[in-house]
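Let's walk through this structure together, one step at a time. Keep the view open beside the text and turn it as you read.

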Amino acid sequence: MAWTIVAYVPDLMDRSRLAGLDITFVASPSSLAGASADVVVVDLGRPGVLDVLPSVAARVLGFGSHVDADLLAAARAAGCDEVLARSKFFARARELLAPPIGS
């Protein structure tokens, strides 16, 4: 079974840090609600992301500014499965987005 990753990460520099991973990038957060994916990655600092999180059926990994504790807490409350500071997410991205063993 293929491991499908869909991401709403508009910043091109952030996208470049995910180079080499098989990720489908979407142009708007509303596209995530109907996405057929195993994992969804979101930039929590972007408008509209928190609103769509309850509608996402996949496991959601979100990243945002480490100093914006309210945003990170709101993401958890909205259904984000794993919330990380931006620096920690990108340091661990390959590990976090690796398919489970046996898939």
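A good place to begin is a single pair of residues: V39 stands opposite R59, which belongs to β4. Keep in mind throughout that this is a predicted model.

That one pairing opens the door to a longer contact between two strands. Strand β3 covers residues 39-43, and it pairs with β4 in the parallel sense over five bridges. On to another partner of β3: strand β1, residues 5-8, pairs with β3 through four bridges, again in the parallel sense. If you would like a residue to click on there, take Y8, whose bridge partner in β3 is V42.

Now return to β4 and look at strand β5, residues 82-85. The two run parallel and are joined by four bridges. Here F63 has L84 of β5 as its bridge partner. Between these strands in the fold comes a helix: β4, helix α3 (residues 69-78) and β5 make a right-handed β-α-β unit.

With those pairings in hand, you can step back to the whole sheet. Which order do the strands take? The open sheet has five strands, arranged as β2-β1-β3-β4-β5, with parallel pairing. At the edges sit β2 (23-25) and β5, each of which pairs on one side only. Ignoring direction, neighbouring strands of this sheet are turned against each other by 20 degrees on average. As for what holds such an arrangement, strands of a sheet pair through backbone hydrogen bonds, either parallel or antiparallel.

Next, consider what lies against the sheet. Helix α4 packs on it and touches β3, β4 and β5, while the direction of α4 makes about 125 degrees with that of β5. As for β4, the strand is mostly covered, with five of its six residues buried.

To see this packing through one side chain, choose F89, which is found in helix α4, residues 86-96. Is F89 buried or exposed? Its relative accessible area is 0%, and since buried means under 20%, F89 counts as buried. Leaving aside residues up to four places away in sequence, F89 touches L18, V41, L61, F63, L84, L96 and L97. The fold also brings F89 and G64 to 8.8 Å apart, C-alpha to C-alpha, although 25 residues separate them in sequence.

The aromatic rings make a nice last stop. The structure holds three aromatic pairs. One of them joins F63 and F90, edge-to-face, with 5.1 Å centre to centre and 65 degrees between the planes. Because F63 lies in strand β4 (residues 59-64) and F90 in helix α4, this pair ties together parts that are 27 residues apart in sequence. The rings of F89 and F90 are another case: their centres are 5.0 Å apart and their planes stand at 80 degrees, so this pair is edge-to-face. F63, with 0% relative accessibility, is buried, and F90, at 11%, counts as buried too.

Put the rings together and you have one aromatic cluster, made by F63, F89 and F90. From there you can trace your way back to the sheet: F63 is the bridge partner of L84 in β5, and L84 is among the residues that F89 touches.

How values were computed:
Residues are numbered from 1 along each chain as its sequence is written. This is a predicted model: local features need pLDDT of at least 70, side-chain atom pairs count only at pLDDT 80 or more; totals for chains, interfaces and linings use all residues. Side-chain values use heavy atoms; hydrogens and water are left out. Buried means under 20% relative accessible area, exposed over 50%, partly exposed in between (1.4 Å probe, protein chains only). Contact means heavy atoms within 4.5 Å. Rings of Phe, Tyr and Trp (its six-membered ring) pair if their centres lie within 6.5 Å; planes under 30 degrees apart count as stacked, over 60 as edge-to-face and the rest as tilted. Two strands pair if DSSP finds at least two bridges between them. A crossover is right-handed if, with the strands pointing away from the viewer, the path from the first strand over the helix to the second runs clockwise. Axes are lines fitted to C-alpha atoms, for helices over the stretch in contact, and angles run from 0 to 180 degrees between N-to-C directions.
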